[in-house]
Structures are given as structure tokens and as C-alpha cells.
Amino acid sequence: MPHLVILYTGQLDAETNMKVLCRDLADAMLTVVDEAGKQVFPTGGTRVKAAQFDNNPQGGSEDYAFVYLNVRMGKGRSEATQKRAGDTLVEVTQKHFADLFAKRHIGITLQIDVGPEVFDNKHSNIHPLFAAL
Amino acid sequence: MPHLVILYTGQLDAETNMKVLCRDLADAMLTVVDEAGKQVFPTGGTRVKAAQFDNNPQGGSEDYAFVYLNVRMGKGRSEATQKRAGDTLVEVTQKHFADLFAKRHIGITLQIDVGPEVFDNKHSNIHPLFAAL
Amino acid sequence: MPHLVILYTGQLDAETNMKVLCRDLADAMLTVVDEAGKQVFPTGGTRVKAAQFDNNPQGGSEDYAFVYLNVRMGKGRSEATQKRAGDTLVEVTQKHFADLFAKRHIGITLQIDVGPEVFDNKHSNIHPLFAAL
């Protein structure tokens, strides 16, 4: 947590609804399951954050748009699960931007990181609410 | 540097003083020592940054609060030192949020990363001020 | 992408032009080549972002300035290429801050990370514009 952080160039706010993208991605994250059919991203802890990215373009127009999506996933997932999560989020993202992609210059990158944490502590009274689901 | 970055949902600004938390955490970081009793986080370089986190909650109330604390620590520390640093910061954080934790839904996650840096350059005229301490 | 993220203490905006630093660094990134003479950071995808860092100083004056530069580089580069990229960016950064460094307390850290990504998807209609260059 946060599981998904999006950085995007600010002109996109006038051309698409980033809040809708955030919600669609969060909904999609909850559908991802591992080999045992178990939910990968917990309902009580899945967060999506989007922040504007100051655009300092190189080698081209100021109007180029960029979207960078970074997921931080816990250790111990199989490669297949990591790929399933990635493919799910790419599909939602490309669908969201399909119209824009046909109309303007835009670059979209999605990466899933397995974080290099050496210490991890959670203290929550939200997770238990969803434990029985 | 930065050693500790905090992302938190914005409604918390009306319920607690995040600046106080930052200062308490920075103070606590300076108390962490390694096996040889040597300070882990240098006095001249220890920084704490807190930024509001856009809240896109899933599976629950918009009012859920989240705090994510991420420490970036240099390579080469023992597991015991990493754990000591984590426990120290968790203690300060849980004490800070104890009252709120009893009153509202809140999830707190603290992770310490050992960064994946392959190049590290420091250029500072501040560190020398504390070298003799 | 984003390749280079800069966090800096806000007082610097009154003392230096961070936008100029961003452009100079982006220009410098495009000059970095690998052993085969091939450009390391693609022209169509090289981004520099600078954001103000809330300053919570410890052990000293509130006026201490800090600049943290973090580059995220793809996997598979040689150590020599990583070092060349780092040295190039350090040179630009130190030149930019040389006057300030002589006048005020400031700490500058530059790190290059090789990201811990396990999934990487790019969808862009910008890269092809530069493919023939």
C-alpha cells in the first residue's frame, strides 16, 4: 500500500477523466487472483493514486502526453500471477486511452515492482472488515 | 536521502498534526544505532517528507484513512539493525495514531527498503558540520 | 519512464532555476551512450520531473537546502554505462549548483536505481517518431 501510483502529464486532465481510470484500475485489481483462485490485492488495502507529472519533454513537442503506472506488489507471487496482474491493468489502461491514442501523441508505461523491502509492518483496523468476505 | 517519505490520505490533516509526526519520526531516526553503537541515519542528512495521498478507496467508505511510511536505507546494514530501525519508527507511529486508531478506520503500513541503487553520489557541505559530533 | 525524478527543498525556487536544471539534465541524458555507442535513454521517452520536498530538517537550520535526484534505468546495462550516466548527471548538477554551493548550506544526492520491475509494458506512438534518428 499504495499498490498503484500513476504519474501523468497535466494536459491530460482536459482530455480524459483520470478519476475514472483510477476507479476502473482499482476495480480491476480486485479481480486478480493467484493460482489458487485467491485474491491478490486485498479489498481493504488496495489503493490507487494519480498525480500530475511536470512535463519536461525532450526531442519533441511540449504537447506529448505521458502516463506512467507503477504497481508495488508483495513478494512471493508467481511469475504467472505477476503477468496476469500486469495484463489485467494494461487492458484497462489501453481501453481507457484508446480514443486518445488514435488522436494524439501519448506514451504509456506500466511497470510492476516487487519492492525491495526488508521490513514490513501493518497496523490496520480496516483489513479485518473484509477478512470474512 | 530522503530517508523517510510518508503518503497519507488528506482527511487526516483535520484530525492530527502530521508535522509533529514528521518531527517525532526524524528525532527517533537519529536515535537508531547499529551493533557497534554507531548512528545509522546521519544527523546532517536525515529527512522526513509527508505528502497527501489522493484517496481512491475500494470496497468501503470514502472516509477510510491510510498512512504509508517508506524508509530508504543504505545497503550493508544487518537484519538486526533494519529491524531495530523499523521497530523504533513503528513505535513512534503507533503512539502518534493511538487515539485516532481507537476512533476511526485507519490502515498504517511502514516499509523499509534497501534501495536498488547502482550509482550513488553525495555532494554536501552540511554533513561536515556534524562529522565531529 | 520517468527516468529522472528530482525532489528539492522549496527555498531553492527563489535562488536557482530548477526548470533550467531539468532541461540541462534531460539534454545530458540524451548524450549518454553505451559501449556500442548506442543512446542509453531514448529520445522519445526521456522525462525529468522536479517536485518540491517538504523540508523537515534535523539537527540544524531550517534553511539547509537538499536536492535528491533519482534516476530509474532499465536492466541489463553494464556497470561502466551506469557510471557514465551517473558521472554525466553529477557533472551537470554540480555545475548548476556551483555558485549556490559556495554561498549556502546544501546537500545534493544523486542515485541511479535499476528498478525491481517484474512486468514492463510500453504502449506509445511517440517512440516510433524517433526510431529512424
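In this predicted model, the contact between chain A and chain B draws on 30 residues from chain A and 36 residues from chain B. The size of an interface is often given as the accessible area lost when the parts come together. By that yardstick, chain A and chain B bury about 3000 Å² between them, with carbon and sulfur atoms supplying 53% of the area.

The polar side of this contact can be described next. Between chain A and chain B there is 1 salt bridge. Its partners are the side chains of A:R72 and B:D113, which meet at 2.7 Å, N to O. In addition, 13 residue pairs are in polar contact between chain A and chain B, counting pairs with both residues at pLDDT 80 or more. On the side of chain A that touches chain B, the elements of chain A giving two or more residues are helix 1 (18-31), strand 2 (48-53), strand 5 (117-124) and helix 3 (127-130). Strand 5 of chain A gives the most to this side, with 8 residues. Sorted by class, the residues of chain A that touch chain B comprise 13 nonpolar, 8 polar and 9 charged.

Strand 5 of chain A also takes part in pairing across the boundary between the chains. Strand 5 of chain A and strand 4 (residues 106-114) of chain B run antiparallel and are joined by 7 bridges. One of the residues involved is A:N121, whose bridge partner in strand 4 of chain B is B:L110. The salt-bridge residue B:D113 lies within the range of strand 4 of chain B, residues 106-114.

It is helpful to turn now to how the copies are arranged. Two copies of a chain are related by a rotation about an axis and a shift along it. For chain B and chain C, a turn of 120° and a shift of 0.0 Å along the axis lay one on the other with an RMSD of 0.0 Å. That is the relation of a three-fold axis. Within chain B, the C-alpha nearest the axis belongs to B:P116, at 4.2 Å from it. Only 3% of the interface residues of chain B are also interface residues in chain C, so the copies meet through different surfaces.

The contact of chain B with chain C can be read in the same order. Here 30 residues come from chain B and 36 residues from chain C. The area buried between chain B and chain C is about 3000 Å², 53% of it on carbon and sulfur atoms. Chain B and chain C share 1 salt bridge, formed by the side chains of B:R72 and C:D113 at 2.7 Å, N to O. The interface of chain B and chain C holds 12 residue pairs in polar contact, both residues being at pLDDT 80 or more.

On the side of chain B that touches chain C, two or more residues come from each of helix 1 (18-31), strand 2 (48-53), strand 5 (117-124) and helix 3 (127-130) of chain B. The most come from strand 5 of chain B, with 8 residues. The class division on this side of chain B is 13 nonpolar, 8 polar and 9 charged residues. Strand 5 of chain B pairs with strand 4 (residues 106-114) of chain C in the antiparallel sense, over 7 bridges. Among the bridged residues is B:S124, with C:G107 as its partner in strand 4 of chain C.

Note on methods. Residues numbered from 1 in each chain as written. Chains lettered and ligands numbered in written order. Predicted model: local features only at pLDDT ≥ 70, side-chain atom pairs only at ≥ 80, totals over all residues. Heavy atoms only, no water. Contact = heavy atoms within 4.5 Å. Buried area = accessible area lost by both parts, 1.4 Å probe. Salt bridge = Lys/Arg side-chain N within 4 Å of Asp/Glu carboxyl O. Polar contact = N/O pair within 3.5 Å; in protein donor to acceptor, adjacent residues only side chain to side chain. Helix = DSSP H or I, 4+ residues; strand = E, 2+ residues; numbered from the N terminus. Nonpolar A, V, L, I, M, F, W, Y, C, P; charged D, E, K, R; others polar. Pairing = 2+ DSSP bridges. Least-squares fit on C-alpha atoms with pLDDT ≥ 70 in both.
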